[in-house]
Amino acid sequence: MDYVSALLPPVVMAAFFIGLVRTIVKSQGGSNKAKEDAAVDAALARAESAPR
């Protein structure tokens, strides 16, 4: 039973990491890409027009 308690944390972390990577990959492109690009363009425009 010790091997189960030794292997459980790495398996849980691996599953969490795989889910995180899949979420990041799925959120790239599509309708989200247009929103992200517009937000970046707006931030760059604000930064360029700000007085120095």
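# A guided tour, starting at Ser-49

Begin by selecting Ser-49, which counts as exposed at 60% relative accessibility, since the cut-off for that class is over 50%. The model on display is a predicted one. Ser-49 belongs to helix 2, which covers residues 30–49.

Keep Ser-49 selected and add Leu-8. These two residues lie 41 positions apart along the chain, and 53 Å separates their C-alpha atoms.

**The whole chain**

Now display the entire protein. How many helices and strands does the protein have? There are two helices and zero strands. Viewed along the principal axes, the C-alpha atoms occupy a box of roughly 65 × 30 × 5 Å. The radius of gyration of the protein is 20 Å, whereas a compact globule of 52 residues would have one near 10 Å.

Colour the surface next. The protein exposes about 4800 Å², and 70% of that area is supplied by carbon and sulfur atoms. Of its 52 residues, 0% count as buried; the term buried is reserved for a relative accessible area under 20%.

**Helix 1**

Select residues 2–26, which form helix 1. Its 25 residues, at 1.5 Å a residue, should span 36 Å, and the C-alpha atoms at its ends are 37 Å apart, so the expected and modelled spans agree. The number of buried residues among these 25 is zero, and helix 1 therefore lies largely in the open.

Where in helix 1 is there a kink? Centre the view on Leu-8: a kink of about 30° lies there, shortly before the proline Pro-9.

Move along the chain to Gly-19, another stop within helix 1. Is Gly-19 buried, partly exposed or exposed? Its relative accessible area is 31%, so Gly-19 is partly exposed; that class falls between the 20% and 50% cut-offs. Add Ser-5 to the selection: Gly-19 and Ser-5 are 14 residues apart along the chain, and their C-alpha atoms are separated by 22 Å.

**A nonpolar patch**

Then select Phe-16, which is also placed in helix 1. With a relative accessible area of 55%, Phe-16 is exposed. Which residues join Phe-16 in a nonpolar surface patch? Extend the selection to Met-13, Phe-17, Leu-20, Val-21, Ile-24 and Val-25; together with Phe-16 they make a patch of about 710 Å².

To close the tour, return to the full view, in which 0% of the 52 residues count as buried.

Technical notes:
Residues numbered from 1 in each chain as written. Predicted model: local features only at pLDDT ≥ 70, side-chain atom pairs only at ≥ 80, totals over all residues. Heavy atoms only, no water. Helix = DSSP H or I, 4+ residues; strand = E, 2+ residues; numbered from the N terminus. Expected span 1.5 Å × (residues − 1). Bend = angle between axes of the 7 residues up to and from the residue. Buried < 20%, exposed > 50% of the residue type's maximum accessible area, 1.4 Å probe, protein only. Patch = residues over 30% accessible without salt bridge, like charges linked within 9 Å, V, L, I, M, F, W, Y side chains within 5 Å. Areas by Shrake-Rupley, 256 points an atom, 1.4 Å probe, with all protein chains shown as cover. Salt bridge = Lys/Arg side-chain N within 4 Å of Asp/Glu carboxyl O. Rg over C-alpha atoms; globule rule 2.2 N^0.38 Å.
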